[in-house]
Amino acid sequence: MIEWDLRLVVAERIGDGIYPPLTLISEVKLQEEFDVARVTIRKAMEALRERELITTKPGKGSIVSPQKSSLPISGDT
């Protein structure tokens with residue numbers, strides 16, 4: 001499942017500090033990087049929100065949550 005793989009990649013980047021706390025994550029850049037449809041990006045971002053790794057604010061975008069950025073991704077369901 002593509003959005004699952006994308007979610008894991010972004011979660012790893014958050015955990016590794018590539019996307020540090022409060023970093024804006026661009027859906028458009030992810031779409032271009034992974035060559036997937038926007039709906040796929042949005043599903044992956046929704047899964048990351050459910051894990052509280054990111055927060056999304058209308059009109060602002062998605063940012064890395066400060067308190068969750070250092071958590072390991074092992075054990076994800």
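The following dialogue explains how terms are applied to this predicted model.

Visitor: What kind of model is this, and how are its residues numbered?
Guide: It is a predicted model, in which local features need pLDDT of at least 70, side-chain atom pairs count only at pLDDT 80 or more, and totals for chains, interfaces and linings use all residues. Residues are numbered from 1 along each chain as its sequence is written, and side-chain values use heavy atoms, with hydrogens and water left out.

Visitor: What makes residues 38-50 a helix, and what span does α3 reach?
Guide: Helices are DSSP runs of H or I with at least four residues, and strands are runs of E with at least two, numbered from the N terminus. Helix α3 has 13 residues, so it satisfies the helix definition. The expected span is 1.5 Å times one less than the number of residues. From its first C-alpha to its last, α3 reaches 18 Å, close to the 18 Å expected.

Visitor: Which residues of α3 are called buried, and which are called exposed?
Guide: Buried means under 20% relative accessible area, exposed over 50%, and partly exposed in between, with a 1.4 Å probe and protein chains only. Thr40, Ile41, Ala44, Met45 and Leu48 of α3 are buried. They cover an arc of only 135 degrees around the axis, which puts them on the same side of α3; the arc is that of the directions from the helix axis to the C-beta atoms. Val39 and Glu50 are exposed on the other side of α3. Just after α3, Glu52 takes a positive phi of about 60 degrees.

Visitor: Why is the contact of Arg13 with Glu33 called a salt bridge?
Guide: A salt bridge requires a side-chain nitrogen of Lys or Arg within 4 Å of a carboxyl oxygen of Asp or Glu. The N to O distance between the side chains of Arg13 and Glu33 is 2.5 Å, so the pair qualifies under that definition. The pair links distant parts of the chain, with Arg13 in helix α1 (residues 2-16) and Glu33 in helix α2 (residues 27-34), 20 residues apart. Arg13 has a relative accessible area of 18% and is therefore buried, whereas Glu33, at 46%, is partly exposed.

Visitor: How many salt bridges are counted by this rule, and what joins Glu27, Arg38 and Arg42 into one network?
Guide: The count comes to 3 salt bridges. The side chains of Arg38 and Glu27 meet at 3.4 Å, N to O; Arg38 lies in helix α3 and Glu27 in helix α2, 11 residues apart. The side chains of Glu27 and Arg42 meet in a salt bridge at 3.3 Å, N to O. Arg42 lies in helix α3, so this pair ties together parts that are 15 residues apart in sequence. Salt bridges that share partners join Glu27, Arg38 and Arg42 into one network.

Visitor: How do you know whether Glu27, Arg38 and Arg42 are buried or partly exposed?
Guide: Their relative accessible areas decide the matter: Glu27, at 16%, is buried. Arg38, at 37%, is partly exposed, and Arg42, at 45%, also counts as partly exposed.

Visitor: What makes β1 and β3 a pair of strands?
Guide: Two strands pair if DSSP finds at least two bridges between them. Strand β1 (residues 24-25) and strand β3 (residues 61-64) have 2 bridges in the antiparallel sense, so the requirement is met. In β3, Ile63 is the bridge partner of Leu24.

Visitor: How many bridges support the pairing of β2 with β3?
Guide: Strand β2 (residues 54-57) pairs with β3 over 4 bridges, in the antiparallel sense. Gly61 in β3 is the bridge partner of Lys57. These two strands, β2 and β3, form a hairpin with 3 residues between them, and Gly59 in the turn has a positive phi of about 80 degrees.

Visitor: Why are β1 and β2 called edge strands, and what packs on the sheet?
Guide: The 3 strands form an open antiparallel sheet in the order β1-β3-β2. Strands β1 and β2 are the edge strands: each pairs on one side only. Helix α3 packs on the sheet and touches β1, β2 and β3, where contact means heavy atoms within 4.5 Å. The direction of α3 makes about 115 degrees with that of β2; axes are lines fitted to C-alpha atoms, for helices over the stretch in contact, and angles run from 0 to 180 degrees between N-to-C directions.
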